Amino acid sequence: MKKTILVLSAAAALIISGCASHEAEVKAHEQAEHAAHGDEHENHWDYSENGPAHWEEFSQTCGLGHAQSPINIVPGKSVEMNHQYDLSMHEDIHTTAAVIDNGHSIKVTPKTGGTITLHGEEFTLLQFHFHGKSEHTVDGKRFDMVAHMVHQNPETKQLSVVAVFFKEGKANPMLNSVINNIGGEIDVDPQDLLPKETAHYFHYIGSLTTPPCSENVQWYLLKEPVEASKEQIEAFRKFYVDNERPVQELYDRVIESN
Ligand SMILES: [Zn+2]
């Protein structure tokens, strides 16, 4: 009897979800996401009791890694960009995107991602999300907010994150659309998140800034910030204000700049 109920409810679940293959597709995508930005379900890390000082308990790399992110950028100590790693961005894709509060940030997952190219390799945009203050600092200074655009090379699985700093100023249409549609879907063109000028950035090799803190992540921090209004920054911080990891040791890494 119990078995019958289980079978029936499983069948009902399939009917409700509409399409089993779509479900599998979503699941595969979620797995790729977890690989990209930690697993939200298995690990109960956070920014308070189980905050950054405890993340080593979730993944050793967070405590032992020597190529962790974020870091403080000292522009005066950066070296000339290795031009093989110049960043070329192709984010101009009109698509729809799911907006969710994943417990660590507000995350936007476009149906179709744009791409970036570096070192002759193409990386696809998986998702972007926001932090209530920038995680990287420049000369010790935090920006008012930051967006992290997480990309992955579908073949090597390597990740590359483009950071877009926000400073207080004019209202940001993209941010409005995100904040007003948490739990829903938006029409989006990820290029709208970018500043006009994307040719100047800092580049270095770091890690995810959340558990499992996986390394070998290509970081690009765009030098020109975008703007968001005071009201928008406050509205975002009602959800998240302290979701930034403290800056990590640089060790022997080099920061490139152009
Ligand atoms: Zn992030």
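In the chain, residues 24 or more positions apart account for 71% of the contacts with a separation of 6 or more, a contact being defined by two C-beta atoms, placed from the backbone, that lie within 7 Å. The model is a predicted one, in which local features were required to have pLDDT of at least 70 and side-chain atom pairs were counted only at pLDDT 80 or more, whereas totals for chains, interfaces and linings use all residues. Residue numbers start from 1 along each chain as its sequence is written.

The secondary structure of the chain comes to 5 helices and 16 strands, where helices (H or I, at least four residues) and strands (E, at least two) are DSSP runs numbered from the N terminus. Of the 258 residues, 37% count as buried; a residue is termed buried if 20 or more other C-beta atoms lie within 10 Å of its own, exposed if 12 or fewer do, and partly exposed in between, with C-beta atoms placed from the backbone.

Strand S11, which spans residues 159–168, is mostly covered, with 8 of its 10 residues buried. Strand pairing is assigned where DSSP finds at least two bridges between two strands. By this criterion S11 runs antiparallel to strand S10 (residues 145–152), to which it is joined by 8 bridges, and within this pair Met149 stands opposite Val162. The hairpin formed by S10 and S11 has 6 residues between the strands, and in this hairpin Lys157 takes a positive phi near 70 degrees. S11 also pairs in the parallel sense with strand S14 (residues 215–222), over 4 bridges; here the bridge partner of Val162 is Tyr220, while that of Val161 is Trp219. A further parallel arrangement links S11 to strand S15 (residues 226–228) through 3 bridges, with Phe166 standing opposite Val226.

Strand S14 is likewise mostly covered, 6 of its 8 residues being buried. In addition to its parallel pairing with S11, S14 pairs with S13 in the antiparallel sense over 7 bridges, and Tyr204 stands opposite Trp219 of S14. Trp219 is thus a bridge partner of Val161 and also faces Tyr204.

The largest nonpolar core, taken as a set of buried Ala, Val, Leu, Ile, Met, Phe, Trp, Tyr and Cys residues joined through C-beta atoms within 7 Å, has 53 residues, and those with the most contacts inside it are Val146, Ala163 and Val164. The largest share of this core, 7 residues, is contributed by S11. When neighbours within four places in sequence are left aside, Val146 is in contact with Phe130, His131, Ser134, Glu135, Ala163, Val164, Phe165 and Phe166.

Apart from these pairings, an open sheet of 3 strands is found in the order S1-S8-S9, with mixed pairing. Its edge strands are S1 (72–73) and S9 (141–142), each of which pairs on one side only. Strand S8 (residues 137–138) pairs with S9 in the antiparallel sense over 2 bridges, and the bridge partner of Thr137 in S9 is Arg142.

Several backbone features deserve separate description. Most residues other than glycine have a negative phi, and most peptide bonds are trans. A cis peptide bond with omega of about 0 degrees joins Ser69 and Pro70, and Pro70 lies in the loop between helix H3 (60–64) and S1. The peptide bond from Pro211 to Pro212 is also cis, with omega near 10 degrees, and Pro212 is found in the loop between strand S13 (201–207) and S14.

That loop between S13 and S14 is also the place of Cys213, which, although not a glycine, has a positive phi of about 55 degrees. Cys213 counts as buried because it has 28 C-beta neighbours inside 10 Å. A positive phi of about 55 degrees is found for Tyr251 as well, again a residue that is not a glycine; Tyr251 lies in the loop between helix H5 (230–239) and strand S16 (256–257). With 10 other C-beta atoms within 10 Å, Tyr251 is exposed.
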